[in-house]
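Reader: I am new to this structure and should be grateful for a close look at a single part of it. Please begin with one residue and its surroundings, and then follow the related features from there.

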Amino acid sequence: MSTPPQVHAVLNAQALTRVFGEGGTEASRVVALDAVSLTIAPGELAALVGPSGSGKSTLMHLMGCLDTPTEGLLEINGIDVSQLDDNALSAVRAYQIGFVFQQFFLNPTQTAVENVADGLLYSGIARQDRHARAEAALQRVGLGDRLTHRPGELSGGQRQRVAIARAVVGNPPLVLADEPTGNLDSRSSAEVVELLHELNAEGTTIVVVTHDLELAEQFPRQIQLRDGVIVADEMATA
C-alpha cells in the first residue's frame with residue numbers, strides 16, 4: 001500500500017521572533033515580534049489584523065521573505081527560510097509568494113498585460129509565454145478588455161486588479177495582500193474583496209494584512225496581533 005504524499009502547510013511559523021537594535025543599549029532594543037507561532041493551511045483565506053505597532057508589518061515582512069527572523073522557525077511551502085541568504089530568499093519570493101500592495105506598484109509606461117507579465121520575469125519562462133499567461137491572469141480578474149491599457153487609463157480598482165493578476169500569474173502557493181483596499185473607494189474595495197474570495201474559491205491561499213477590523217471580518221479567519229504577539233485567532237461563524 002502506497003503512502004499518501006505529505007501535504008505541507010503553506011506557511012509554518014514556530015516561536016518566530018524579530019528584535020531590532022540588538023547590540024545596542026537595552027533601551028534601544030525593540031522586540032517587534034515575540035515568539036509567534038502560526039500555521040496557514042493550503043486553501044485558506046485569512047486576515048492578519050492589528051493596529052500600528054502591533055507587529056503585523058514585521059510579521060508580513062518575515063512571511064514575505066523580505067526580512068529574516070532573529071529567532072524561530074519559518075517555513076514557506078515546506079522550505080525552511082529562517083537562515084537562507086539573500087539570493088535564496090529572492091528565489092523563494094519569485095516562485096513561492098505573490099505580493100499585492102496598497103500602492104499597486106505598477107509601471108506607468110507599461111500596459112496591463114506587460115505589468116502582469118513582469119511577475120514572471122525571473123521564472124525562466126519565454127517572453128511570448130509570459131504574455132499569454134498574463135492575458136489569462138487578467139481574464140481571470142475580469143480585465144480581459146483592458147489588456148493594452150496603461151495604469152493611468154485605469155480606475156483605482158482596476159489597477160488593483162492588475163496588481164492582483166500579477167501576484168497570481170505564477171500560481172504561487174501563498175499570496176500576501178498588504179492593505180489591498182487602502183487606496184480604494186468603498187465600491188472598489190467591495191469588488192476587490194469579492195475577487196479575493198473568488199480566487200480563494202479557485203484554490204489560491206491568501207493572507208490579507210490590514211489594520212481595518214471591518215475588512216478583516218469579511219474573511220473566514222482573523223488573526224489579531226497586539227504588542228508583537230497573537231492575541232486572537234478565530235474562524236468566522238457561519
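Author: In this predicted model, Arg-18 has a relative accessibility of 15%, and because buried means under 20%, Arg-18 counts as buried. The residue is found in strand E1, which runs over residues 11-20.

Several kinds of interaction meet at this side chain. Arg-18 forms a salt bridge with Asp-67, and the closest N and O atoms of the two are 2.7 Å apart. Asp-67 lies in the loop between helix H1 (56-63) and strand E4 (71-76), so the bridge links distant parts of the chain, the partners being 49 residues apart. A polar atom of the Arg-18 side chain also lies 3.3 Å from the backbone oxygen of Thr-68. In addition, Arg-18 lies over the face of Phe-20, at 4.2 Å from the ring centre.

The wider surroundings can be described by contacts. With neighbours within four places in sequence left aside, Arg-18 is in contact with Val-30, Val-31, Ala-32 and Leu-33, with Thr-58 and Leu-62, and with Asp-67, Thr-68, Pro-69 and Thr-70.

The salt bridge of Arg-18 may be set beside others. Side chains of opposite charge can pair when their charged atoms come close. A search of the whole structure finds six salt bridges. One of them joins the side chains of Glu-44 and Arg-221, at 2.9 Å from N to O. Glu-44 lies in the loop between strand E2 (30-40) and strand E3 (45-49), while Arg-221 belongs to strand E9 (residues 221-226), so this pair ties together parts that are 177 residues apart in sequence. Both Glu-44 and Arg-221 are buried. A network of salt bridges links these two residues with Asp-233.

A further salt bridge is formed by Asp-145 and Arg-146, whose closest N and O atoms are 3.0 Å apart. Asp-145 counts as exposed, at 51% relative accessibility, whereas Arg-146, at 24%, counts as partly exposed.

Aromatic rings are the next topic. A pair of aromatic rings is described by the distance of the centres and the angle of the planes. The structure holds two aromatic pairs. The ring centres of Phe-99 and Phe-101 are 5.7 Å apart and their planes stand at 5°, so the pair is stacked. Phe-101 also pairs with Phe-105, edge-to-face, with 5.3 Å from centre to centre and 75° between the planes. Through these ring pairs, Phe-99, Phe-101 and Phe-105 are linked into a cluster. The accessibility of each ring residue is as follows: Phe-99 counts as buried at 17%, Phe-101 is partly exposed with a relative accessible area of 22%, and Phe-105 counts as exposed at 52%.

Finally, helix H5 covers residues 156-168. At 1.5 Å a residue its 13 residues should span 18 Å, and the end C-alpha atoms are 19 Å apart, which agrees. H5 is mostly covered, with 12 of its 13 residues buried. Among the buried residues are Gly-156, Gly-157, Arg-161, Ile-164, Arg-166 and Val-168. The buried residues of H5 pack against three helices, H3 (112-117), H4 (127-140) and H6 (186-201), and against the strands E6 (97-101) and E7 (174-178).

Note on methods
Residues are numbered from 1 along each chain as its sequence is written. This is a predicted model: local features need pLDDT of at least 70, side-chain atom pairs count only at pLDDT 80 or more; totals for chains, interfaces and linings use all residues. Side-chain values use heavy atoms; hydrogens and water are left out. A salt bridge is a side-chain nitrogen of Lys or Arg within 4 Å of a carboxyl oxygen of Asp or Glu. Helices (H or I, at least four residues) and strands (E, at least two) are DSSP runs, numbered from the N terminus. Buried means under 20% relative accessible area, exposed over 50%, partly exposed in between (1.4 Å probe, protein chains only). The expected span of a helix is 1.5 Å times one less than its number of residues. Contact means heavy atoms within 4.5 Å. A polar contact is a pair of N or O atoms within 3.5 Å; within protein, one must be able to donate a hydrogen and the other to accept it, and residues adjacent in sequence count only if both atoms are side-chain atoms. Rings of Phe, Tyr and Trp (its six-membered ring) pair if their centres lie within 6.5 Å; planes under 30 degrees apart count as stacked, over 60 as edge-to-face and the rest as tilted. A charge sits over a ring if NZ of Lys or CZ of Arg is within 6 Å of the ring centre and within 35 degrees of the ring normal.
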